[in-house]
Every structure is written in C-alpha cells, then in structure tokens.
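Visitor: I'm new to this structure and would love a close look at one part of it. Please start with a single residue and then lead me outward from there.

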Amino acid sequence: MAARAITLGIDLGTTSVKAALLRAAPDDPSGFAVLASCARAARAEAAVESAVAGPQGREQDVSRILQALHECLAALPRPQLRSVVGIGVSGQMHGVVFWKTGQGCEWTEGGITPVFEPRAVSHLVTWQDGRCSSEFLASLPQPKSHLSVATGFGCATIFWLLKYRPEFLKSYDAAGTIHDYVVAMLCGLPRPLMSDQNAASWGYFNTQSQSWNIETLRSSGFPVHLLPDIAEPGSVAGRTSHMWFEIPKGTQVGVALGDLQASVYSCMAQRTDAVLNISTSVQLAASMPSGFQPAQTPDPTAPVAYFPYFDRTYLGVAASLNGGNVLATFVHMLVQWMADLGLEVEESTVYSRMIQAAVQQRDTHLTITPTVLGERHLPDQLASVTRISSSDLSLGHVTRALCRGIVQNLHSMLPIQQLQEWGVERVMGSGNALSRNDVLKQEVQRAFPLPMSFGQDVDAAVGAALVMLRRHLNQKES
C-alpha cells in the first residue's frame, strides 16, 4: 500500500503555478516517479492598491493565482488525485497577503468539484515590491536575527503599511505568504501556520530560538497579532476540510515551504550538490555542514545569506533579483520599440529568435551588467552596458552578453572558489528560465566548470510533494 501512495505538490510562483503528482519507486525507498505535472501562467499582476507606494509597488491578485491553481489541478488525472494521501505546498517567499479570520475564502459546491474562492483577502504584496526605500529601511529597528531586512520582505511591508496606510491594516487580522494562505484555506485553520523557512524570509525572525523578535517589533508599534504561529518544515499543518478535485476530505496538508528550499529538496541528491535555480529571479544554494550556525548579526552588504532548510540545517544562498525577469524586460523593450516603429511581433517570437541568434554567437566583447532591479546587498545599483563596438551590436551579441551578465552577476555574489571550499562537486540546474535557454546553460557551464545536470521546471512542486511522500512512507514504517 505504501508503494502505491501518491502525493500532490503545488508551487505558487511569481509568474506561474505548478502542480505535480509523485509516487514512490517500488524498488527504491528514496526514489520517486513523477506521474503527472502541470503548469499554468498566473497572470496575476494587479494595480497597486496604494498610490503612495508609487511605481515601485508590486502586487498580485489572489483570485487569479487561485484560478491558475484550479486550472492546474483540473488538468491532472482524476483517478490519481483520488489516491492522494498528502499535499505539499511551496511558493514565492518574502511576500505578504492579509485576510480576515474565518472569512478568507468561500467554498463553492456548484461546479464539478468544490473549490475555494478568496473573499476578505488583500492583494499579495510580492517579494519584487520596491516601496521600502533605503531611507525607510534605515529607520526600522535592528532585527535580532542573522538575516537583514530588505524591501519586499513581509515585515518591512507591514512596517510601511503601518506608517502610510494604518487604516488598511485594521481591516485584517491574519497574514502570511501566499502559500501559507492556501494551506490555511485548505485546512480551515483558525490561525495561519508558517515554517521557519518562510518566517526567515519575512525578516525579524530568529532561526536559533525559532521565534519572532516580538519585543523589538512591539516596541515599534508593529501589529504583532498578524505574525503567524511557527511550525517545523515537513510537519503537517492540518487536513483538507473539503473534498478538492477528487482529493479526499481529511487529506494531510504540510506546512507551506519556501520555493527555494523545495526546489533544492527535489534536486539535491548529495550534500555535495549545489542547486542553481534560474526562474524569475536566480538562486544558487549549497548545503552547510550539520551544526553550522550563522553569525547572529545581520550584514546587509553580504551577497550570501544563510536560510533555514530542514532538520535545523542551513543553505548558503546567493539570491539575485535579476534573472529571467531581465530577459523578459529586454524582450518587452524590443517589442515596444518595434511597436513604436509601426511593427507588430509576438514576445514569444522575439524570445525564441534572440536565443537562436545568441546560440550562433558563441562569444562577445560586449559587457552587460544586468542589475536593472539592483540587488538586496546593493539596492541602488543599476544596469549598465560597456565595451560597445560597432562589431558587437547584433541581436546575437547583445543576447549572449545579457545571458552572460546574468550568470556573471551571480558568480560575483558566490564564486566557484567559495563553492569548492564548501565541498561542492556538482551543480544541479533548475527553473523555467534555465530549462528553455541553451545560452544560459552554456554560460553557467562556462562560469561554474563543474559536473552539471539540468532538471525540469516543476522542481519546487516536486520538492513539496517529495517532502510529504517521505513523511508518509516514514509513518508507514514506524
């Protein structure tokens, strides 16, 4: 029976929602098979609810995220969904969504299957939100944590709302990441639960004591009642309160995981593996030795941060804000220029043509620093183009230089020498921007000359499902 157990993994990403169904390999307890997977574009960008946030504000419509989630589940095989014994959920870290307890969603029974629709729920203020200026962040209390606070982090966003929109906060009494919200709604939780992975991504959380900086926050007037309760990653948050796309009522749901940690969990076969994820943004992560404890004073200028993983271990992570979003910005710019010239062309056509051109153009002297969004450790840095010559202006040259710049920027944050000092012997590549871009793959291999393997685009969903699958199998054994 244990060998036939199926788990569902869900990943609520910035640009897409993914789902995957996993089953244990019958002859290998640690192995698994992906039975089915699905991805849907979220298309959730929304007009920012506050004019004070300015053009730097980044928000998403929760109803569109849930619509993409429901489309994903509707595309999965019904017979396999009936056999699901556990649901793992991961998603974009740092962001914050607010809701009213008991009124966060409404289950509708009208269609083929019961689904939940958001009710008293705010927009999701995402990790890309830039409303907290360097000056505003400098005015906040110093966290008692090894991680510093940046714009787009949940607690920084709440501090901003407290200052500029205090009446907005009075409308809600619960908050979490988007994946914490989904878990709370699936299980009908009276209070949201949050893993230390997501809590650390909000800021003002001490990973050693596993607690929020309550006194520091309270003394600054922070609404501490909005902070979720903390649960161990890999633990069960609750059970489904309704049947959901044939998944039985009463199915275990894991506490929500960070998408970074879930991606790493699906890819990292050995502790000597590093995991490189290039999606909307970029993360390069390696496992720290057991017993490693980061210095307890935050260093906002450090390009590498240490994030909680599983079993009280840490990942060393270089998290760049500039990844697939930079390529998307470039494509959008080209399409806009052509529209200004009276020509119409699809963004997908431009993307495929520019990658083809760059594959042919194996090298270039053109140098692009692609940091259009700055970096958390260098928030005021902008992008630049140097070493421009008339011979390096083709689409192939520029695209090659842009892809190289994305990878070189990451390498400047976490060089291969540091990875080798940590004992890294192989790099596992994942993420949609990497999986469909041969030029990025070439540049990764050029910058990090280690054995390399490239995975699929459902890695975080697979990781979330795998956590629940292994939990189920361990329960069966014990």
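Guide: Let's begin with Phe 116, which sits in strand E9, a strand that covers residues 115-118. Please keep in mind that this is a predicted model. Phe 116 counts as buried, because its relative accessible area is 0% and the limit for being buried is under 20%. What does Phe 116 touch, once residues up to four places away in sequence are set aside? Its contacts are Leu 66, His 70, Cys 105, Glu 106, Trp 107, Val 182, Met 185, Leu 186 and Trp 244. Another residue to look for is Ser 63, which is 53 residues from Phe 116 in sequence, while their C-alpha atoms are 9.7 Å apart in space.

Now move to the cysteines. Cys 72 is buried, with 0% relative accessible area, and Cys 403 is buried too, also at 0%. The closest cysteine sulfur to that of Cys 72 belongs to Cys 38, at 3.8 Å; this is too far for a bond, because a disulfide needs the two sulfurs within 2.5 Å. Applied to the model, that rule gives a count of zero disulfides.

From there, turn to strand E1, made of residues 6-12, where seven of seven residues are buried. Ile 6, Leu 8, Ile 10 and Leu 12 point one way from E1, with Thr 7, Gly 9 and Asp 11 pointing the other way. Residues on both sides of E1 are buried. Two strands pair with E1. Strand E6, residues 84-91, runs parallel to E1 and is joined to it by seven bridges; here Ile 10 faces Val 89 of E6. Strand E2, residues 16-25, is paired with E1 in the antiparallel sense, again over seven bridges, and Leu 12 stands opposite Val 17 of E2. Three residues form the hairpin connecting E1 to E2.

Further along the chain you can find an open sheet of six strands, in the order E21-E22-E20-E19-E25-E26, and its pairing is mixed. E21 (304-308) and E26 (452-454) are the edge strands: each has a single partner, so one side of each has no neighbour in the sheet. On average, neighbouring strands here are turned by 25° against each other, ignoring direction. Within this sheet, E19 (residues 273-278) and E20 (residues 282-287) run antiparallel and are joined by five bridges, with Leu 276 opposite Leu 284 in E20.

Helices pack on this sheet as well. H15, residues 438-447, touches E19 and E26, and its direction makes about 160° with that of E26. H9 lies across E19, E20, E21, E22 (314-320) and E25 (426-430), and runs at about 130° to E19.

H9, residues 259-267, also meets another helix, H16, residues 459-477: their axes come within 7 Å and cross at roughly 75°. The two helices are therefore roughly perpendicular to each other. On the H9 side, the contact is made by Asp 259, Ala 262, Ser 263, Tyr 265, Ser 266 and Cys 267. H16 contributes Asp 459, Ala 460, Val 462, Gly 463, Ala 464, Leu 466, Val 467 and Arg 470. Sorted by type, the residues of this contact are eight nonpolar, three polar and three charged.

Conventions:
Residues numbered from 1 in each chain as written. Predicted model: local features only at pLDDT ≥ 70, side-chain atom pairs only at ≥ 80, totals over all residues. Heavy atoms only, no water. Buried < 20%, exposed > 50% of the residue type's maximum accessible area, 1.4 Å probe, protein only. Helix = DSSP H or I, 4+ residues; strand = E, 2+ residues; numbered from the N terminus. Pairing = 2+ DSSP bridges. Axes fitted to C-alpha atoms, helices over the stretch in contact; angles between N-to-C directions. Parallel < 35°, antiparallel > 145°, perpendicular 65-115°, else oblique. Contact = heavy atoms within 4.5 Å. Nonpolar A, V, L, I, M, F, W, Y, C, P; charged D, E, K, R; others polar.
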